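Q: I have a protein model open and would like to learn how to read its sheets and its ligand site. Could we go through them together?

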Amino acid sequence: MRIAMIGTGYVGLVSGVCFSEFGFDVTCVDIDTDKIARLNQGEVPIYEPGLDTLIERNLEAGRLAFTTDFDTAVKKADVVFIAVGTPSRRGDGEADLTYVYAAARQIAAAMTPETVVVIKSTVVVGTCRKVAEIIREERPGVPFSIASNPEFLREGSAIEDFMRPDRVVVGAEDELGEAAMRKLYRPLYLRETPILVSTLENAELTKYAANAFLALKITFINEVADLCEKVGADVQKVASGIGLDKRIGGKFLHAGPGFGGSCFPKDTTALAATGQRHGAPLRLVETTIAVNETRKRDMADRVLAALGPDPKGKRVGILGIAFKPNTDDVRDAPSLVIVPALQEAGVEVVAHDPEAREQAEPLLPGLVWCDNPYDVADGVDALAIITEWNVYRGLSLADIAGRMRGRDVIDMRNIWQAADVHEAGLTYRGIGKRAGL
Ligand code: UGA
């Protein structure tokens with residue numbers, strides 16, 4: 001089986017590389033010549049643990065190639081994946097499908113008969129059928145198959161998620177498409193991964209419903225956390241208590257500064273827009289989006305409250321800028337709301353992040369960057385943790401306390417213990433517990 005993967009963003013790159021690791025012959029295509037040149041030299045454009053090793057191994061084995069030559073890659077391929085971006089469209093929040101449709105046209109022009117075209121990009125319901133129409137218009141009479149194969153991997157654990165998924169979701173409505181997809185995922189099937197083959201619409205909507213449900217779950221626990229703070233309860237205890245109920249499940253119940261990243265914000269907005277368009281509004285999803293937006297701003301207010309009535313001229317240290325650990329991605333990260341809100345109040349903000357500086361620097365003008373997490377504490381009036389990088393968990397609190405001017409620690413990820421922080425002579429405010437606990 002020869003695969004062409006169109007688009008070397010997160011999903012395309014990781015999926016392409018992992019398919020080559022399964023032993024398939026994969027050509028990854030992108031229009032970005034610089035990116036392709038770097039990839040061919042084994043240089044990885046994103047921070048994703050383990051990806052560099054897999055790229056090197058499969059390039060060497062000759063199973064993996066990177067090219068800008070779209071037509072040749074498509075001509076050679078039995079299966080062509082579309083994994084291009086589907087950003088939020090300005091104004092209406094619908095997913096912008098321009099790149100998907102452009103790729104479909106170009107594939108149609110280059111493909112050989114009986115090619116299977118698979119959409120891996122997150123696309124709104126109905127897109128796969130539209131792509132099939134485009135291909136039919138461009139190449140009337142040429143047999144091909146269309147399939148939907150949404151991806152559920154998470155940044156930071158992308159390879160593990162691809163190699164050991166809870167399930168594989170496929171939309172395929174003919175023998176050619178279904179057989180190709182079953183063959184591609186056979187290595188996972190042998191490991192007893194459930195492979196759900198269904199209609200195109202079912203597969204497309206499964207992806208959005210999954211992301212929206214997870215975003216809703218996080219937002220739910222975030223609101224429970226607010227209530228915990230008022231009534232003197234501890235959200236971590238409540239989350240454990242409900243999470244052990246198998247109907248609820250313990251994952252994605254970590255209260256924090258609000259969800260971010262390249263998927264949840266964009267996909268919840270797109271799903272809400274789809275619901276409105278079809279006259280079936282998803283009010284819970286709409287509320288989730290609104291609550292999450294407010295939450296990020298509330299986090300900035302917590303820090304400002306710690307600085308007293310006149311925050312102007314005060315200094316705040318931030319640990320963690322990426323939207324979550326183990327990624328350099330800052331798209332829709334809570335830090336992108338919190339840092340500017342502090343700056344607008346006249347606060348000087350210094351920050352550390354193990355990986356995100358390059359991505360975040362142009363987006364956060366005026367932010368002072370430190371190479372070392374301890375330096376963030378130097379002379380600050382308050383210290384806030386926004387991203388739960390492991391390196392922050394074991395920092396010496398005595399050292400930090402010795403460097404700080406003020407005493408306030410705002411831990412938006414509950415990674416430190418209040419007792420330890422107090423022992424170092426600092427005051428602690430976590431999420432979902434009474435201040436000081
Ligand atoms: C998410 C989904 O988890 C993947 O299954 C999906 O494939 C992906 O979107 C996508 O659509 O491509 P990702 O955005 O990489 O993956 O990151 P998550 O680990 O889901 O985290 C998203 C956000 O939720 C982060 O800001 C994180 O800090 C936050 N979060 C997550 C919480 O605040 N609490 C939690 O308990 C879990």
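Q: Let me begin with two strands. In which sense do strand β4 and strand β5 pair, and over how many bridges?

A: A general idea helps here: the strands of a sheet pair through backbone hydrogen bonds, and the pairing is either parallel or antiparallel. Keep in mind that this is a predicted model. Here β4 (residues 79-82) and β5 (residues 115-119) pair in the parallel sense, with four bridges between them. To see one on screen, pick I82: its bridge partner in β5 is I119.

Q: What is the order of the strands in the open sheet of eight?

A: Walk across the sheet and you meet β3-β2-β1-β4-β5-β6-β7-β8, and the pairing is mixed. The edge strands are β3 (64-67) and β8 (195-198), each pairing on one side only. As you go from one strand to the next, the twist averages 20 degrees.

Q: There is also an open sheet of six strands. Which pairing does it have, and what is its order?

A: Its pairing is parallel, and the order reads β11-β10-β9-β12-β13-β14. At the edges stand β11 (368-369) and β14 (427-429); each has a single partner strand, so one side of each has no neighbour in the sheet. For a pair to look at, try β9 (residues 315-319) and β10 (residues 348-352): they run parallel and are joined by five bridges. Within that pair, L319 stands opposite H352 in β10.

Q: Now the ligand. How many residues surround it, and which are the closest?

A: To read a ligand site, list the neighbours, then look at their contacts. The ligand is surrounded by 19 residues, and F152, L153, E155, K207 and N211 are the closest. By class, the shell has nine nonpolar, seven charged and three polar residues.

Q: What do the backbone atoms of L153, F152 and E151 do at the ligand?

A: Each has a polar backbone atom by a ligand oxygen. For L153, a backbone N or O atom is 2.7 Å from an oxygen atom of the ligand. The distance is 2.8 Å for F152 and 3.4 Å for E151. The protein covers 92% of the 720 Å² of accessible area that the ligand has on its own.

Q: Which elements give two or more residues to the shell?

A: They are α10 (200-231) and α12 (264-277). The largest share, three residues, comes from α10.

Q: Why does the ligand lie between domain 1 and domain 2?

A: Because domain 1 (2-199) and domain 2 (237-429) both give residues to the shell around the ligand.

How values were computed. Residues are numbered from 1 along each chain as its sequence is written. This is a predicted model: local features need pLDDT of at least 70, side-chain atom pairs count only at pLDDT 80 or more; totals for chains, interfaces and linings use all residues. Side-chain values use heavy atoms; hydrogens and water are left out. A residue is near a molecule or strand if one of its heavy atoms lies within 4 Å of it. A polar contact is a pair of N or O atoms within 3.5 Å; within protein, one must be able to donate a hydrogen and the other to accept it, and residues adjacent in sequence count only if both atoms are side-chain atoms. Accessible areas come from the Shrake-Rupley method with a 1.4 Å probe; for residues, only the protein chains shown count as cover. Ala, Val, Leu, Ile, Met, Phe, Trp, Tyr, Cys and Pro count as nonpolar, Asp, Glu, Lys and Arg as charged, and the others, Gly among them, as polar. Domain bounds come from an automatic or database domain assignment. Two strands pair if DSSP finds at least two bridges between them. Axes are lines fitted to C-alpha atoms, for helices over the stretch in contact, and angles run from 0 to 180 degrees between N-to-C directions.
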